[in-house]
Amino acid sequence: MKGVILAGGTGSRLHPLTRITNKHLLPIYDRPMINYAIEALVGSGVGEIMLVTGGTHAGEFLRLLGNGNEFGIDRLFYAYQDKAGGIAEALGLAEKFVAGDRCVVLLADNVFERSIRPCVEAFRRQESGARVVLSREADSAHLRHLGVAQFDGNRRIERIIEKPAEPPSEFAVWKVLPELKPSGRGELEITDVNNWYLEHSRMEYDVLDGFWGDAGESIQAYYAVHDFVRAHGANREG
């Protein structure tokens with residue numbers, strides 16, 4: 001099992017903070033944001049990790065993380081994304097690193113209250129295909145900015161809708177890549193990858209309880225994640 005952490009993007013929604021550094025290096029309570037994604041993977045037994053980043057501050061990740069051993073990583077690799085072309089494009093840079101193994105993909109600005117270890121272990125046991133982690137979001141206005149799962153009558157995911165005007169549920173997500181076409185935003189969407197697996201009946205899912213926050217969504221969301229972690233911690237077992 002390998003891990004891929006996506007830490008690219010321009011961070012425009014966190015300006016002016018991101019004019020001087022990559023958003024994933026901003027502090028969340030007492031550590032840089034990137035540390036929480038690393039902790040989530042290492043705590044789930046994932047020792048080989050690739051960090052995909054870009055922009056003018058990419059070298060700062062090397063200064064912070066080095067070879068990764070200090071953070072419990074067995075082997076740490078880096079990939080550089082030339083431009084902000086979407087999550088799916090960034091994931092494509094890790095193809096040779098993954099080399100056909102199973103991999104866990106995390107967005108570096110997503111922070112979880114609970115450990116993802118049960119989800120990773122379920123993926124290890126899964127015979128084939130992909131697995132997504134869902135989080136319940138009761139605020140319909142917020143759901144309109146996320147990827148949202150639509151279920152059938154048997155509680156299986158039918159499809160995942162990116163930023164739906166009318167969210168079909170309260171659950172937000174988490175060989176295909178060369179076939180993708182850029183969306184209206186000019187980016188390769190990870191939702192299209194997930195829907196490919198769904199169309200081929202090769203997608204399973206878990207619902208992760210507890211807090212989930214996207215610290216890169218806005219200044220308000222960034223501080224909401226910061227305040228939650230300060231009060232309750234992150235990646236907690238049980």
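**Exercise 1. Classify Arg 75 by exposure, then find its salt-bridge partner and place both residues in the predicted model.**

Step 1. Take the relative accessible area of Arg 75, which is 46%. Buried requires under 20% and exposed requires over 50%. Arg 75 is therefore partly exposed.

Step 2. Look for the partner. The side chain of Arg 75 meets that of Glu 48 in a salt bridge, at 3.5 Å from N to O.

Step 3. Place the two residues. Glu 48 belongs to strand 4, and Arg 75 to strand 5 (residues 75-81). The pair links distant parts of the chain, 27 residues apart.

Step 4. Classify the partner. Glu 48 has a relative accessible area of 24%, so Glu 48 is partly exposed.

**Exercise 2. Describe how strand 1 is covered and which strands pair with it.**

Step 1. Count the buried residues. Strand 1 spans residues 2-7, and six of its six residues are buried.

Step 2. Separate the faces. In a regular strand, side chains alternate between the two faces of the sheet. On one side of strand 1 are Lys 2, Val 4 and Leu 6. On the other are Gly 3, Ile 5 and Ala 7. Both faces are covered.

Step 3. Find the neighbours. Strand 4 (residues 48-54) runs parallel to strand 1 and is joined to it by six bridges. Strand 6 (residues 103-107) also runs parallel to strand 1, with five bridges.

Step 4. Fix the register at Lys 2. In strand 4, the residue opposite Lys 2 is Glu 48. In strand 6, Cys 103 stands opposite Lys 2. Glu 48 is also the salt-bridge partner of Arg 75.

**Exercise 3. Compare the locations of two further salt bridges: Glu 170 with Arg 136, and Arg 230 with Asp 227.**

Step 1. Start with the whole structure. A search finds 14 salt bridges.

Step 2. Take Glu 170 and Arg 136. Their side chains meet at 3.0 Å, N to O. Glu 170 lies in the loop between strand 10 (157-162) and strand 11 (171-172), while Arg 136 is in strand 8 (residues 130-136), so the bridge ties together parts 34 residues apart in sequence.

Step 3. Check their accessibility. Glu 170, at 33%, is partly exposed. Arg 136 has a relative accessible area of 53%, so Arg 136 is exposed.

Step 4. Take Arg 230 and Asp 227. The N to O distance in this salt bridge is 3.3 Å. Both residues sit in helix 8 (residues 219-232), three residues apart, so about one helical turn separates them.

Step 5. Check accessibility again. Arg 230 is partly exposed at 49%. Asp 227 is partly exposed at 37%.

Step 6. Add the network. Asp 30, Arg 31 and Glu 39 are joined into one network by salt bridges that share partners.

**Exercise 4. Explain why helix 1 counts as largely enclosed.**

Step 1. Count. Helix 1 covers residues 34-42, and seven of its nine residues are buried.

Step 2. Name them. The buried residues are Ile 34, Asn 35, Tyr 36, Ala 37, Ile 38, Ala 40 and Leu 41.

Step 3. Conclude. With seven of nine buried, helix 1 is largely enclosed by the rest of the structure.

**Exercise 5. Describe the surroundings of Ala 172.**

Step 1. Locate Ala 172. Ala 172 is in strand 11.

Step 2. Judge exposure. The relative accessible area of Ala 172 is 3%, so Ala 172 is buried.

Step 3. List contacts beyond four places in sequence. Ala 172 touches Val 133, Leu 134, Ser 135, Leu 143, Leu 146, Gly 147 and Val 148.

Step 4. Add a distance. Gly 129 is 43 residues from Ala 172 in sequence and 20 Å away in space, C-alpha to C-alpha.

How values were computed: Residues numbered from 1 in each chain as written. Predicted model: local features only at pLDDT ≥ 70, side-chain atom pairs only at ≥ 80, totals over all residues. Heavy atoms only, no water. Buried < 20%, exposed > 50% of the residue type's maximum accessible area, 1.4 Å probe, protein only. Helix = DSSP H or I, 4+ residues; strand = E, 2+ residues; numbered from the N terminus. Pairing = 2+ DSSP bridges. Salt bridge = Lys/Arg side-chain N within 4 Å of Asp/Glu carboxyl O. Contact = heavy atoms within 4.5 Å.
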